[in-house]
Amino acid sequence: MKNISILGSTGSVGTQTLEVVRANPERYRVVALTGQSNDELLIRQSLEFHPELVVITDEGKYLKVKEALSGKGIRVITGEASLVEAAALTSAHMVLTAVVGSAGLRPTIAAIEAGKDIALANKETLVVAGELITALAKKHAVKIIPVDSEHSAIFQCLVGEEEHSLEKIYLTASGGPFRGKDREFLAGVTKAQALKHPNWVMGAKITIDSASMMNKGLEVIEAKWLFGLAADQIDVIVHPQSIVHSIAQFKDGSMKAQMGLPDMKLPIHYALAYPERVDTKFPRFNFLDYPELTFFPPDPVSFRNLDIAFQAMRKGGNMPCIVNAANEVVVNAFLQDRLGFLEMSDVIERCMSEVPFIGEPGLVNYLETDEHTRIFARQLVTK
């Protein structure tokens, strides 16, 4: 029985994680659940899975959740800092981090320092502070098992391989809803259009990131730290069918691809069960249903965010933190119809050029950079 704390249980990855737990009650026990503001769903989840601890970070929803769970033997706490407590819960063996954005940084650090293995669905943690997080994981002998389908694919391809045998990786991208569209078309796209991903069901923020290719850019930076790679060892290819989840190329020229239907429950299940592979009743991929698997180069002219992310990775220091913070602000503005689709990249680039660069940041520097970038980006959005 593996005890799991789920940070972000009311989001897309969190709810699918609970589907996996629900199907394997003899293997997994939920000891903590956290949600931001969806109090009704968090209450339903808590009544079903009966964790030790429940966190609602929106303090205005605290009393409702506390009253609903009164007498159930469940402790309820609130506030952003309460995520740290859920992450470091003594009874947890593993922490699945599925909170959105850089809010996952502090609780992930707390979980690592408490010796908990991490099932990482919050890529922004490694984007913002990859060097710090990977060093901490090594210090505390903690495993970081990626949940993103692309990084899970590379992780699976590397199992059993000798260290330093990897030459290069190819992260696949679906191309999102606007694959093949030019800048003239993208200038006028709406929130409703951008939220219609052709292959994956995800939360609003990551869906917009996918449409703009920023999600793939963030995944590039995440891959650098997960697998200890240089920029020229990471490539991106557009694969509309989302069947090949990513590819590892080795020094001898051979390649491994991890394949399967586009279902997030597969990498979630792999991360929770690792190093085992456990039977599932998930639908199976049939080659005859996909007579063609196609691959294309990305379009860096129309989708500038991918190149922006590569620039940030090569620059290093706090530059990825700047990009991530600015992106969170502009995506929120786009979702509120306050910024155009292409204008998101404009604001991010302004932040890259004007927020002070720090070559060797510590945790305080990352946190200050994140705050300063958000302030500056909000000012640019309101102009």
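Modeller: The expected span of a helix is 1.5 Å times one less than its number of residues. We will use that in a moment on helix H6. First, a word about what we are looking at: this is a predicted model, where local features need pLDDT of at least 70, side-chain atom pairs count only at pLDDT 80 or more, and totals for chains, interfaces and linings use all residues. Residues are numbered from 1 along each chain as its sequence is written, and side-chain values use heavy atoms, with hydrogens and water left out.

Biologist: How do you know what span to expect for H6?

Modeller: H6 covers residues 124-139, which is 16 residues. The rule takes 1.5 Å times one less than that number, so the expected span is 22 Å. From first C-alpha to last, H6 reaches 21 Å, close to that value. Just after H6 comes Ala-141, with a positive phi near 55 degrees.

Biologist: What makes residues 304-315 count as a helix, H13?

Modeller: Helices are DSSP runs of H or I with at least four residues, while strands are runs of E with at least two, both numbered from the N terminus. H13 has 12 residues, so it passes the cut-off for a helix. H13 reaches 17 Å, close to the expected 16 Å. Gly-316 follows H13, and its phi is positive, near 75 degrees.

Biologist: Why is Asn-215 called buried?

Modeller: Buried means under 20% relative accessible area, exposed means over 50%, and partly exposed lies in between (1.4 Å probe, protein chains only). Asn-215 has 8% relative accessibility, so it counts as buried. Asn-215 sits in helix H11. In H13, the buried residues include Leu-306, Ile-308 and Phe-310.

Biologist: What makes Lys-123 a contact of Asn-215?

Modeller: Contact means heavy atoms within 4.5 Å. With neighbours within four places in sequence set aside, Asn-215 is in contact with Lys-123, Ile-206, Asp-209 and Ser-210. The buried residues of H13 also pack against several elements, among them H11, S9 and H14.

Biologist: How do you know that S3 and S4 pair?

Modeller: Two strands pair if DSSP finds at least two bridges between them. S3 (residues 53-56) is joined to S4 by 4 bridges, so the two are paired, and they run parallel. Across that pair, Val-55 stands opposite Ile-77. Both strands belong to an open sheet of 7 strands with parallel pairing, in the order S4-S3-S2-S1-S5-S6-S7.

Biologist: What makes S4 an edge strand?

Modeller: S4 (75-78) pairs on one side only, and S7 (144-146) does too.

Biologist: Why is one side of S9 left without a neighbour in the other sheet?

Modeller: That open sheet has 4 strands in the order S9-S8-S10-S11, with mixed pairing. S9 (234-238) and S11 (255-259) are at the edges with a single partner strand each, so one side of each has no neighbour in the sheet. S10 (residues 244-250) and S11 run antiparallel, joined by 5 bridges, and Ile-247 stands opposite Ala-257.

Biologist: What makes up the largest nonpolar core?

Modeller: A nonpolar core is a set of buried Ala, Val, Leu, Ile, Met, Phe, Trp, Tyr and Cys residues joined through side-chain atoms within 4.5 Å. The largest has 119 residues, and Val-147, Leu-272, Phe-341 and Cys-351 have the most contacts inside it. Its largest share, 10 residues, comes from helix H14 (residues 319-335). Val-147 touches residues including Val-13, Leu-96 and Ile-268.
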